[in-house]
Every structure is written in C-alpha cells, then in structure tokens.
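Hi,

Here is the structure I promised to send over. Have a look at it first, and my notes follow below.

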Amino acid sequence: MPRISQITDIDFDGVNHPYVPPAVLRISPKLKLHREWDQEVDPITYEVVRHNLWQINEEHGATIQRLSGSPVAMYALDLNPSLLTEDAEFVYFGPYMQYMSGVTDTQVKWTLENRSDNPGISEGDMFLANDPWVGAAHQQDVMLLCPVFWEGELFCWVTNCLHQYDIGGITPGSFCPSAESAYDEGIMLPPIKIIERGEIRRDIEAVYLRSSRKPQMVALDFRAQLAGNTTASKRVVELIQRYGPRTVKGVMKKIIDNSEKSYLEKMTRIPDGFWQDRTYIEACRPGDRRTHRVQLQLRKEGNRLVFTNDGTADQEGAMNATYSGWRGAIMVAITELLCWDQYFAVGGALRHIDFDPIPGTLNCANFPASVSTAPIQSMEISLYPAYNVLSKMIYPDAEMRKDIMCIGGTSQWPATLFRGIDQWGERYGYLLIDPIGGAIGAFSHGDGINTGGQSRTPICQLPNVEHTEQSFPVLFLYRKELPDSGGAGKYRGGLSAESCFIPHNTTVITQDTLSSGNATPTSTGMMGGYPSTTNAYTFLRNTDILERMADRKMVEDIHEVVGEEELLQLRQENFLQHKADVYAVRWTGGGGFGDPMDRALADIAEDLEHLSVTPQAAHDLYGAVLDANGEIDEAASVAHRARVRRDRVVRGGRASQQRPGTLLCEASVNLQVQRDAAGTYWACAKCSTDFGPSHANYKDGCLREDHPVTDSNPLIGDPKRFIDDDVTFRQFFCPGCGAEIDNEIAVTKDEVLADIHVAVG
C-alpha cells in the first residue's frame, strides 16, 4: 500500500491530509500576510513578550472553562487553546488536552488554502471545524479558528478546541461504539465561516446545532469558545499596540527558532538508530473477540525523526483514528519528552520530524471510517507507544534519560456511557470522567505518581464525586486507589483507582461499555519493568446494597455486596442499571521501569506500609521475603533474589560468555553496546555477557521464558473472557547472571519484537 506523501494536494476529498510545511502553502493573493519582523529582539523584551504570549494562552483556556456549562470542560478540562503564526506554525498551545492542539495546525493550513479565496478570510471572522479528515481528533472535538489582523494583514491565529456535549450520531453523547462508518456518527464540518466580521452567522449555527440532542448545551460551549478567542485576540492586539508588530512577530518567530535550536542540540547528543513498540487494541465492534495490532517505529538519521506505523492492523469497526489524530497523539510525547523546556513550543522541532503512516490502517483510517471513539482508543494506543520509542531513543544520553516517563494510566479509557432521565426529569447522555485520574508511569530515576492524572493533559484533575453526583443521577459508594495496580519495576508505576456507584434519584440508567485494554495490558513497562493492571468493569445485579445503606453499613469494595455478577463485554450496549445494581469501573495504572528484582528493599517496605503493594506481590514480583511480623527480612530477600536469578540460568541451559569490551552506548538500563577486536555486540549492563552482534536483535541472545499474561500483574484476569487470541508475557533474561533484560506482552503468534537498534561502532 502506498504511503502518504509529506506534501500533497489538500483540497477536501475525504481522505487523510498530512502536514503541509508553511513554505508550500497555496494561499489566495486576496489574503495579505504579515511577514515582517525584527530579526533581533533584546533579551528583556523577548522574555516579557514571550511570557505574555504564554499567559494569553492560559487566559484563553481559563475563559472557556469558566463560561462553558459542560462538565467535560469544567472537570475533565477536555479543551486546549493554541497560538500560531500567520502561516500556521505553532507558537504555543495550552497545558490542557495536548493532542487536541496537535491537530490544530493541519486545520489552519487547510483553511488558509481552501478558504482564503472563497469565502475569504477577513478581520472579525472565525471558522468552525470538526472534520477528522481535515484536522480534528474526532467529531466531538470542535475547533474554532480565529485569524488576528493588524492593519489589514493576517498577523497570527488564535484557536481553541473543546469536546462538545453532543453533536449527533446514533449514541447520546456522540461516542458511537457500534458505528460502522462516519455516517453513523455526529455531524462533520470542514472549516466553515460561522463568525463573519464579528457577527454569528445564525444560518450556519442552526445547521451545526440541528444534529445535537442538547443544542442549548452545545450553543453554550460554542459561545465559551467564541469568548476565549475574542479574549485572546484582544490581548494579542494589545500586545502589538504596546510593543509594535515587528517586535511581537519577532518574538513569535524567535520562540519557534529557539525551540528548533534546543531540539537540534538534543539530537547531536543521541546516536542514530531505530526503535519500535507494539501493543494491541481489542473489540472493534460489539461481538468482536479479536486483538488488533498497533506498531510504531521511530527512525533517527542525524537531525531528522521519522515516525511510521508498519505492521498496524487495517481500519475496521468503530475504533479508528485519522492521520491528524495519529500525528496529534505522537506530538504529545514529542512535546513532553523533547520540548518541555520550551514551554511546549513544538513548532521548531516539527521542522525536522516526518509522520509517514500507511493509509487505511486503524490509526490512519480513510474516509468514511468510524472515528468518534478515536481519542480513547486508537489515539491513546498511538500516543503511549510513542513514550516508549522516544524514551529508548534518548536513554543513551545521561542527562536526557532523566526525562524518560513510562506509559501512564488510562492508556485505554474504560468508557462508561450512560444516559436516561436525570434527577430533574430531563434527558441526558454522557460518560464517566473519573478515569482521567489515571496514573503517571515510572521514571528512570523514581516511582510514578499515584492517580497523577494523564500525562497528555498536564493540568487535568479528577472531578469531585459531589460534582458528578450534582450533574448526573448517580451516587458513589467509593472511589479508591488500588494496591498492585501500578506496574512493578525498579521504579514502580503509579497506582490507578476504581469508582463504584449506583443510580440515585432516577429509576434506571442505560449503559454502554466502550473499552479496550481489558484483556491485554496496554500500560506496559519499560526496560524490564512490568505492566500495570488492565481496565475492568464489575457489575452486580439485584444486590443487597439498599438494605446495607438502610442499616448504615458502608462498603469499601464491590465484592462486599451480595448480588448476581454479570460479565460485561467490551462494547456491550443498552444494558440497564437499576437502583440495586452496583457498577464499578477500574482503570489502568502506570508501567514500571527496570527489573523489579532491582527495587530497593526499603522502597518495598514503604510500599507495604502505604498499601501500594500487597505482601504476595512483594514476594512474587519483587523477590522480597517477609518474616512472621510482615517485615522484610533483608538477608533472606537478597538470598532469594540471587536464587531466582540463578534458577533462570539453570532453566535456560545455555552456555554464556562474559565479554567485557569498550562501552560504546548505554542502550537501556540493562543493555549496552560494546566493542572489542572482534566487533560490536550487545552486552548485559550488569555482567557484560555477550548477547550477539549489535546489528541483530539482542533478545535472540537472551534466555526467553513465556508465561501467562496474568503473571505480569496480580490484578490482571484471564484474557479469554474477552478475546480468542492467546496472549503471552515474554521475559528475556541474561544467560550469564539471570537479570531481567526486558519483557513484552504479545499475541502468541506474533514474532519477538526487535525494539532497539543503535548505529554506533
């Protein structure tokens, strides 16, 4: 299948449209661009204006949050503002839902090429857009694009994106888990002029609102976005009036140039190479029991990075993402691992990064694929492997490896789509926001953060239980962090949590599940670290919860109540939750980093004290031996760990050779590239055992053991409940010292993944 070209005709034709560099944009001569700026700006002015531009973006997002009546804006912060140059290079985007802004520049470029002549782009105009094949994450993420003019010339763009309450489709709330195509989903709008010279076009707004079940809510969302753009554009003009257009534009360009300079400097410190990751998504439609493979490759050649998705499954069912969604997801990891020191200014780095997926795949789907669930499925499953490949790329540099972050919680969102009649007698349809509590994966130097949110939304926060109960007819029984939910490792992944609720002030709630990552762990570990728990739904019918509450007996776990357990499938639709039915939702935690047997015993003792790890997991995963008082016996633990590693070597039965040579590259915490007179080779970082030539897969030189995926985390259940494929936890050990070098979660029939190749020696 031919690849997407990096420069292509982007007239609207319903197919994927890749990033177009500003230099090749075809813009109507009717539109005059502001193209003059100061090449030199004094440092003090630069810092003042730079921070002012950042604050404009912050105020922009806060304005939307305050004015929108939607819980998704107030509590999930499912929005993001952006500031772009006149030709759509990123200056800044906000600290909200990052991948929303990762698709903004494609929308603006499309608008410049396709709207600058007819109907034209003028001062006071704004364009509404949510077409995923032009540049949106999914149809619910509605963008409002605002050109900012100075003396008749287009000076820059302020834009925002907000997940809107309901924009149509076969399911209330517009997540449509059984959709077979975009025709089953909400309205799609390529950029259309909805604000013309400062006035709302009522005819366009009427078309846009007509598809919604909650037009008043959507109209309020739209006005919140309008207010955000109005505020931000006013602030930009005030800045121009104070410092002059050449200075302000000069600062914008310098922000991008400095971002580029920082990126290029980092690239000089990292060897060229190739890294890849593989994971899986489940259940593309109701009744589907297959796994669908997702692969991500990263190739570094000099200053250039190229991302590809070779080996990814074909588009199918209701789980797909478009090119812009895939690119936007990967940009989150680029921003956080390579551009964090530039206030998320990714524009300069993007000058040297290519995104080259295969069209027709589930994360580069062609029209009219169903994409309404993209952000919580195909975009998530595209984002988190990017943390792995980028982290492995930067590991060889001792300073940059401090920025490594393992996959975090909610690597697949366990959506609970509920609807019905609320406590005020009105119809509603929404999803449980709680999984945004997520978890942060382990770092290369420390543990992850328990329920630390989602890394793709740096300032996200769990909604208060009371806020959810105020907005919807539910009553929470508990919300708690879960021991053992974080991935084991030298550094442990952050814990995830579980929310449990019953209907309240309503007779019944109609529910849909919409999830993946319930059978196959998607928050995998890194460099020997173990995966976190999977997602899980627990549903008990006809329980004794109402009697318990009448007796003032609170529950701390769903299994304390007596009822009939029903196994919910991953896209089960239209099941009813009555007043005595109890529903719990668990989400994934953070992946672990490094061999769990390397975890400091003092850290395990602290884990036990804080109930982060159970005694059984402390022994089985970390090799800690507890005495009769539940305290760690240090001497016995050291001996037990040594015995476990020795037994691995004995079981493997393979002769090994220690081959100390000259260190060329630290490829991972457990893996080195060394050289001697005979050539370059992979070697154990602990004992210098030879794993084979560096051009081969180092895993071929390791001892391999295959175990059930349930062995990787105590909370993971039998995958056969949801999928037919066999899934394996593959572990790779040093044949010399028995240390764990790495592991992978794989469908049994898939080959061992060659995940690291560095060009040294």
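To begin with a pair of facing residues: Arg675 stands opposite Thr680 in strand 23. Please keep in mind that this is a predicted model.

The strands around that pair

Strand 22 and strand 23, the latter covering residues 679-684, run antiparallel and are joined by 6 bridges. The two form a hairpin, with 2 residues between them.

Strand 22 (residues 671-676) also pairs with strand 21 (residues 662-666); these two run antiparallel as well, with 4 bridges joining them. Here too there is a hairpin, and 4 residues make the connection from strand 21 to strand 22. If you would like a spot to look at in this pairing, find Glu666, which stands opposite Gln672 in strand 22.

A glutamine elsewhere in the chain

The other residue I looked at is Gln276, which lies in strand 8 (residues 273-282). Is Gln276 buried or exposed? Its relative accessible area is 12%, and because the cut-off for buried is under 20%, Gln276 counts as buried.

What does the side chain of Gln276 reach? One partner is the backbone oxygen of Ala754, at 3.0 Å. Another is Gln297: a polar contact of 3.3 Å joins the side chains of Gln276 and Gln297.

Leaving aside neighbours within four places in sequence, the residues in contact with Gln276 are Gln295, Leu296, Gln297, Val389, Leu753, Ala754 and Asp755. Both Gln297 and Ala754, the polar partners mentioned above, appear in that list.

Happy browsing, and best wishes

Note on methods. Residues are numbered from 1 along each chain as its sequence is written. This is a predicted model: local features need pLDDT of at least 70, side-chain atom pairs count only at pLDDT 80 or more; totals for chains, interfaces and linings use all residues. Side-chain values use heavy atoms; hydrogens and water are left out. Two strands pair if DSSP finds at least two bridges between them. Buried means under 20% relative accessible area, exposed over 50%, partly exposed in between (1.4 Å probe, protein chains only). A polar contact is a pair of N or O atoms within 3.5 Å; within protein, one must be able to donate a hydrogen and the other to accept it, and residues adjacent in sequence count only if both atoms are side-chain atoms. Contact means heavy atoms within 4.5 Å.
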